[in-house]
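Work through the exercises below with the model open. Each task is followed by a solution in steps.

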Amino acid sequence: MLSFREVLEKKIPLLLDGAMGTELYKRGVFINRSFEEANLSNRRLVLSIHKDYKDAGADVLKTNSWGAGYYKLKDHNLHDKVYEINLEAAKLAGEVSAGELYVAGTVGPLGHRLEPFGMIGAAEAFKAFREQIQGLHDGGVDFILLETFTDLGELQQAILAAKSVAPDLPVISCLAIELSGELLTGPPLEESLASIADWGSDVVGLNCHVGPQSMLGAIKKLKGLIDAPLIMEPNAGLPKEVDGRTLYMATPEYFAEYTKKFLQEGVRFVGGCCGTGPEHIKVMAQSMRQFRAMSQHADAGCVTVRCVDAPDLADKQEETAGQVRVPFADKSRWSAKLARG
C-alpha cells in the first residue's frame with residue numbers, strides 16, 4: 001500500500017469514515033460519559049464501529065480520540081490518561097485497518113477558550129495538543145486530522161504541536177463554518193485556509209456544523225483561491241428534535257450525490273461527521289469507486305489506494321501491442337454508465 005505521503009503526491013482521492021461519537025451514542029454509550037474512555041473500557045465496541053466502516057468501503061479509519069485532550073478528559077477526571085487513551089485509540093483503528101486502510105489520528109479543540117477570551121495560554125495549548133498527538137503518533141497513525149476548529153490561534157498551536165512530535169507526519173486541518181459559509185469570527189474563509197496551509201498543514205478544509213449543501217457552496221467560492229488539497233466532512237444535515245430525540249435527517253443517498261459533487265469540484269478527501277454512519281459511507285464508497293474508475297480511464301496511472309505500485313506504462317504498451325484498444329465507454333453498458341458519470 002502506498003504511504004499517505006505518496007497519496008498526497010499522486011493526488012489520489014480517498015474516502016474517510018463517518019462519525020464515531022454519534023455511533024457510540026447509538027450503541028449505548030451515555031452522553032455524559034467520555035466517548036474516548038471506551039478505548040480502555042469497551043475495546044470491543046470501538047473495534048466493531050471501525051470494522052463496520054471498513055466493511056462499508058472507507059479508505060481511512062479515524063481514531064476514537066477527538067475529545068481525548070487534557071482539558072476535555074479533565075472534565076471526566078481522566079486527565080492522567082491522555083497518552084494511554086490516545087495510544088489505544090490508534091492501536092484499535094490500526095488493528096482493524098490491518099495495513100489495508102489508512103489511520104487518521106483525530107484531534108479536536110481543547111474545549112476551553114484561549115487568551116484573551118479564556119484562561120488558557122498558547123504555551124499551555126501547545127503542551128496539551130503535543131501530549132495527545134504523541135500518543136497517536138506512537139500508536140502508529142498515518143497522519144494527524146485536526147477537526148472542528150473555529151479559533152485560528154488554537155488551530156495554529158495544534159499544527160505546531162503535530163510538527164514538533166514528528167515533522168514528516170502529514171497534517172490535515174479542518175475548520176467548522178456557519179450556514180453563512182464563513183467562520184463565526186475571524187478572517188474570510190479563503191484567508192483562514194491559506195494561513196493554515198502556511199503553518200504547515202498538508203490538506204485544509206471543512207468539517208461538522210453544517211450539511212453537504214452549505215459546504216458545497218463554500219467550496220465553490222474557494223475555487224481557484226486555495227492551492228492546498230481540500231477535505232470535506234459534512235454533518236448529516238442540521239440536527240432536529242423529534243419526540244425528544246436529536247436526529248440527523250440527511251439520507252445516505254443524499255450524501256452519495258454530494259460526494260460526486262465534491263469530487264467534481266476538486267475536493268480530494270471526503271468523509272462524514274456528526275450523524276453519518278456506515279450506511280452513509282457504504283453509498284459514498286460507490287460514488288468514490290465510480291469517480292476512480294473514470295479517473296483511471298483518463299489516466300493510465302494507478303488511482304486505487306490498495307495497489308502498491310502503478311504498472312509501468314511501457315510494459316503495458318508492450319503487452320497490448322497489436323491489439324485494438326476498445327474505448328472504455330464501449331466495453332459494456334456498465335462502462336458506458338460510468339463514463340457518463
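**Exercise 1.** Decide whether Ile144 is buried or exposed, and state what surrounds this residue.

*Solution.* The model is a predicted one. Step 1: the relative accessibility of Ile144 is 0%. Step 2: buried means under 20% relative accessible area, so Ile144 counts as buried. Step 3: Ile144 belongs to strand 4, residues 143–149. Step 4: setting aside neighbours within four places in sequence, the contacts of Ile144 include Gly105, Val107, Ile133 and Leu136, and also Leu169, Pro170, Val171 and Ile172. Step 5: from Ile144 to Lys163 the C-alpha to C-alpha distance is 9.8 Å, with their positions 19 residues apart in sequence.

**Exercise 2.** Classify how helix 7 and helix 8 cross, and describe the residues that meet.

*Solution.* Step 1: helix 7 (residues 122–138) and helix 8 (residues 152–165) have axes that come within 8 Å and cross at roughly 45°. Step 2: helix 7 is therefore oblique to helix 8. Step 3: the crossing is right-handed. Step 4: helix 7 contributes residues including Phe126, Phe129 and Ile133, which meet a set in helix 8 that includes Ala158, Ala161 and Val165. Step 5: the residues of this contact comprise 10 nonpolar, four polar and two charged.

**Exercise 3.** Which residues touch the most other members of the largest nonpolar core?

*Solution.* Step 1: this core has 74 residues, and Phe129, Leu146 and Leu175 touch the most other members. Step 2: helix 8 supplies its largest share, seven residues. Step 3: apart from this core lies another of 17 residues, among them Ile12 and Ile231.

Definitions and conventions. Residues are numbered from 1 along each chain as its sequence is written. This is a predicted model: local features need pLDDT of at least 70, side-chain atom pairs count only at pLDDT 80 or more; totals for chains, interfaces and linings use all residues. Side-chain values use heavy atoms; hydrogens and water are left out. Axes are lines fitted to C-alpha atoms, for helices over the stretch in contact, and angles run from 0 to 180 degrees between N-to-C directions. Helices (H or I, at least four residues) and strands (E, at least two) are DSSP runs, numbered from the N terminus. Angles under 35 degrees count as roughly parallel, over 145 as roughly antiparallel, 65 to 115 as roughly perpendicular and the rest as oblique. A crossing is left-handed if the near helix is turned anticlockwise from the far one by less than a right angle, and right-handed if clockwise. Contact means heavy atoms within 4.5 Å. Ala, Val, Leu, Ile, Met, Phe, Trp, Tyr, Cys and Pro count as nonpolar, Asp, Glu, Lys and Arg as charged, and the others, Gly among them, as polar. A nonpolar core is a set of buried Ala, Val, Leu, Ile, Met, Phe, Trp, Tyr and Cys residues joined through side-chain atoms within 4.5 Å. Buried means under 20% relative accessible area, exposed over 50%, partly exposed in between (1.4 Å probe, protein chains only).
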